[in-house]
Amino acid sequence: RVFLANVILKMLVKKARSNPDLNTITNISVQHGDISEALCLDPFTHVWMFDVAFEEELIHKIAELFNNSTTTRYLISCERPGLITNVYGFDVKLLEQLPTSMHSSGEG
């Protein structure tokens, strides 16, 4: 999973740097921790979840934290967009979708 996460991160950074609206990105900090212990997502602006194995209850908690944050603006998820908004309740809209695949997984 860590290897796949790094591959996806490199792809996202490359795509961001080729976008004129995002090419001023100068710093990225990736934090790793137990999200179930988080009280809020501030000061993060981007939330990246390798969430294909998350339990539904946890994703609902993350959605609540995301929606209540004063700083989060972007969600990067391995789940299908319809699940993110319609089932889990994230207040987001799809900006870009990158194809990914893993054997025996349902990520989109």
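**Reasons behind the labels**

Tutor: Among contacts in the chain between residues at least 6 apart in sequence, 65% join residues at least 24 apart, and since the model is predicted, each value we discuss is computed from that model.

Student: Which elements make up the chain, and in what order do the elements run from the N terminus?

Tutor: The chain has 3 helices and 2 strands, and from the N terminus on they follow the order α-β-α-β-α. Of its 108 residues, 22% count as buried, while the chain exposes about 8000 Å², of which carbon and sulfur atoms supply 53%.

Student: What makes Asp 51 count as buried or exposed?

Tutor: Asp 51 lies in the loop between β1 and α2, and its relative accessibility is 0%. The cut-off for buried is under 20%, and therefore Asp 51, at 0%, counts as buried.

Student: Which polar partners does the side chain of Asp 51 have, and how do you know that the pair with Ser 77 is a polar contact?

Tutor: The side chains of Asp 51 and Ser 77 are joined at 2.6 Å, and a polar contact requires N or O atoms within 3.5 Å, one able to donate a hydrogen and the other to accept it; the pair is therefore listed as a polar contact. The side chain of Asp 51 also reaches the backbone nitrogen of Cys 78, at 3.0 Å. Beyond its neighbours within four places in sequence, Asp 51 is in contact with residues including Ile 59, Glu 79 and Ile 84.

Student: What makes Gly 89 count as buried, exposed or partly exposed?

Tutor: Gly 89 is found in the segment after α3, the helix of residues 81-87. Its relative accessibility is 35%, and partly exposed covers values between the limits of 20% and 50%, so Gly 89 counts as partly exposed. Apart from neighbours within four places in sequence, Gly 89 is in contact with Ala 63, Asn 67 and Ile 84. Gly 89 and Ile 59 are 30 residues apart in sequence, and their C-alpha atoms are 9.1 Å apart in space.

Student: How many aromatic pairs are there, and why is the pair of Phe 66 and Phe 90 called stacked, tilted or edge-to-face?

Tutor: The count comes to 1 aromatic pair. The ring centres of Phe 66 and Phe 90 lie 5.7 Å apart, and rings pair if their centres lie within 6.5 Å, so the distance condition is met. Their planes stand at 70 degrees, and angles over 60 count as edge-to-face, so the pair is edge-to-face. This pair links distant parts of the chain, with Phe 66 in helix α2 (residues 56-68) and Phe 90 in the segment after α3, 24 residues apart.

Student: What else is known of Phe 66 and Phe 90, and which residues have the most contacts inside the largest nonpolar core?

Tutor: Phe 66 and Phe 90 are both buried. The largest nonpolar core has 13 residues, and those with the most contacts inside it are Val 47, Met 49, Phe 66, Leu 75 and Phe 90. β1 and α2 each supply at least two residues of this core, with α2 giving the most, 5 residues. Setting aside its neighbours within four places in sequence, Met 49 is in contact with Phe 54, Ile 62, Leu 75 and Phe 90, among others.

Student: Where is Pro 43 found, and what kind of peptide bond joins Asp 42 and Pro 43?

Tutor: Pro 43 is found in the loop between α1 (2-18) and β1 (46-49), and the bond that joins Asp 42 and Pro 43 is a cis peptide bond with omega about 15 degrees.

Technical notes:
Residues numbered from 1 in each chain as written. Predicted model: local features only at pLDDT ≥ 70, side-chain atom pairs only at ≥ 80, totals over all residues. Heavy atoms only, no water. Helix = DSSP H or I, 4+ residues; strand = E, 2+ residues; numbered from the N terminus. Buried < 20%, exposed > 50% of the residue type's maximum accessible area, 1.4 Å probe, protein only. Contact = heavy atoms within 4.5 Å. Areas by Shrake-Rupley, 256 points an atom, 1.4 Å probe, with all protein chains shown as cover. Phe/Tyr/Trp six-rings, centres within 6.5 Å; stacked < 30°, edge-to-face > 60°. Core = buried A, V, L, I, M, F, W, Y, C linked by side-chain atoms within 4.5 Å.
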